[in-house]
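User: Hi! I am new to this structure and would like to get to know it through a few questions. Could you walk me through it?

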Amino acid sequence: MRRYVITRLAQAVGVLWAAYTVTFLVLDFLPGDPVSAMAGAGADTGQVDPAQLAALRHQYGFDKPVLAQYADYLGRAVRGDFGDSVSTGRPVTETLADALPQTLQLTGAALLLAVLLGGGLAVLATYTTRRWLRQLLLSLPPLGVSVPTFWVGLLLVEVFSFRARLFPAFGNDGLKGLVLPALTLAIPTGALVAQVLAKSLFTALDQAYVETARAKGAGRWRIHLRHALRNASLPALTIVGLLAGQLIAGSVVVETVFSRDGLGRVTAAAVTVQDIPLVQGVVVFGALIFVTANLIVDLVYPLLDPRIVVASARKVKVSPA
């Protein structure tokens, strides 16, 4: 178990390093000059004092060679220092810390709704014996995955805000203001969970141990929840770990549609003005959420299926030969 945990931790660190490196390279190759934009020069740098531009480039380290910039930024990022925002001059960590609570609240609520809605839909679709109801329920996840997130948000605003007047359409107005944005994020996410879990449940219900449980007199509900669901939940659990990072990305659209403060709006503004330090901070934070969620999933796996640790240990023993 210790070797299993150490391996997963090393993989998480590798993902963070790769995310930071790729982001640095992509931003370095983008056209445009963030320093000129900050100085108000736009595309015409001749309107700004060259000495002022040189001072700003030196302040933010843009006058160094690319490899020197990378080494400097990476060394500071390891210590949790992503520098100052080019557009606002504030430390990146402070900007992220101010926007973080609202985004975590939104994504956490959306993930909870997605698991409850998607899991409930999959369990009901695979449990019912009525063919028409099963087909109807199984047709909902593909529909939920295919519709664009912004369209779902606008539709919910039209129905529940402008017509029914049950929830506010915009802003960060307490719990009621969280319902529609969280539901907007949860619908496509829950649809993916339902698709994967339903397929896994159908497969699990055809296994020999289910027939053994039936032969011993176990009821359908007990077989479905205690025997089949436990084994079928592993692929769905993997999807939930992957979708945790996707929810952070989805918050960019949702927070824009609902005019909510958070990392989404910070990211959109940073990309617009080519605020490289702030974009790097957001990307690394998103990668941190992703690897943390997947690390939790990897650590929960052995609790659901101890064979995973045994298989991992066998691979390590066999690999030197």
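User: Is Arg165 buried or exposed?
Analyst: This is a predicted model, and in it Arg165 sits in the loop between helix 7 (149-163) and helix 8. A residue counts as exposed when its relative accessible area is over 50%. Arg165 has 67% relative accessibility, so it counts as exposed.

User: What is the phi of Arg165 near?
Analyst: Most residues other than glycine have a negative phi. Arg165 is a residue other than glycine, yet its phi is positive. The value for Arg165 is near 55°.

User: Which residue in the loop between helix 10 (220-257) and helix 11 has its place there with a positive phi?
Analyst: The loop between helix 10 (220-257) and helix 11 holds a residue that is not a glycine but has a positive phi of about 50°. It is partly exposed, with a relative accessible area of 33%. That residue is Ser259.

User: How many helices does the protein chain have?
Analyst: Read along the sequence, the pattern is α-α-α-α-α-α-α-α-α-α-α-α-α. The count of strands is 0. The count of helices is 13.

User: What share of the contacts in the protein chain, at a separation of 6 or more, comes from residues 24 or more positions apart?
Analyst: The protein chain has 321 residues, of which 39% count as buried. One example of two residues far apart in sequence is Val92 and Pro277, which are 185 residues apart in sequence but 7.0 Å apart in space, C-alpha to C-alpha. For contacts with a separation of 6 or more, the share from residues 24 or more positions apart is 72%.

User: Which helix gives the most to the largest nonpolar core?
Analyst: The largest nonpolar core has 22 residues, and Tyr20, Phe82, Leu96 and Leu278 touch the most other members. Helix 1 (2-29), helix 4, helix 5 (92-127), helix 11 (263-272) and helix 12 (276-304) each supply at least two residues of this core. With 6 residues, the one that gives the most is helix 12.

User: How many residues are in the other core that lies apart from it?
Analyst: Apart from the largest nonpolar core lies another core. Its members include Val157, Leu178, Leu247 and Val257. The size of this other core is 17 residues.

User: Which residues is Phe82 in contact with, leaving aside its neighbours within four places in sequence?
Analyst: Phe82 is one of the residues that touch the most other members of the largest nonpolar core. Leaving aside its neighbours within four places in sequence, Phe82 is in contact with Tyr20, Ala77, Val92, Thr93, Pro277, Gly281 and Val284.

User: Is Val92 buried or exposed?
Analyst: Val92 has its place in helix 5. Among its contacts outside its neighbours within four places in sequence are Phe82, Pro277 and Leu278. The relative accessible area of Val92 is 0%, and buried means under 20%, so Val92 is buried.

User: And Leu116, also in helix 5: what is its relative accessible area?
Analyst: Leu116 lies in helix 5, and its C-alpha is 9.7 Å from that of Ala194, with their places 78 residues apart in sequence. Leu116 is exposed, with a relative accessible area of 55%.

User: Which residues is Thr189 in contact with, leaving aside its neighbours within four places in sequence?
Analyst: The place of Thr189 is in helix 8 (residues 176-205). At 5% relative accessibility, Thr189 counts as buried. Leaving aside its neighbours within four places in sequence, its contacts are Ala114, Leu243 and Leu247.

User: Within what arc do the buried residues of helix 3 fall?
Analyst: Helix 3 (residues 50-60) has the buried residues Leu53, Leu56 and Tyr60. Turned away from this buried side is a face with the exposed residues Pro50 and His58. Seen down the helix axis, the buried residues line one face of helix 3, because they fall within an arc of 65°.

User: Which helix supplies the largest share of the lining of the largest cavity?
Analyst: About 40 Å³ of space lies in the largest cavity. Its lining is made up of Tyr20, Tyr73, Arg76, Ala77, Asp81, Phe82, Gly83 and Gln280, which divide into 4 nonpolar, 2 polar and 2 charged. The largest share, 3 residues, comes from helix 4 (residues 66-78).

Conventions: Residues are numbered from 1 along each chain as its sequence is written. This is a predicted model: local features need pLDDT of at least 70, side-chain atom pairs count only at pLDDT 80 or more; totals for chains, interfaces and linings use all residues. Side-chain values use heavy atoms; hydrogens and water are left out. On a 1 Å grid over the protein atoms alone, a cavity is a set of points where a 1.4 Å probe fits but cannot get out, and a pocket is an open set with protein on both sides within 12 Å along at least five of seven lines; lining residues have an atom within 4 Å of a point. Grid points are joined across faces, edges and corners, and a volume is the space filled by probe spheres set on the points. Helices (H or I, at least four residues) and strands (E, at least two) are DSSP runs, numbered from the N terminus. Ala, Val, Leu, Ile, Met, Phe, Trp, Tyr, Cys and Pro count as nonpolar, Asp, Glu, Lys and Arg as charged, and the others, Gly among them, as polar. Buried means under 20% relative accessible area, exposed over 50%, partly exposed in between (1.4 Å probe, protein chains only). Contact means heavy atoms within 4.5 Å. A nonpolar core is a set of buried Ala, Val, Leu, Ile, Met, Phe, Trp, Tyr and Cys residues joined through side-chain atoms within 4.5 Å. The arc is that of the directions from the helix axis to the C-beta atoms.
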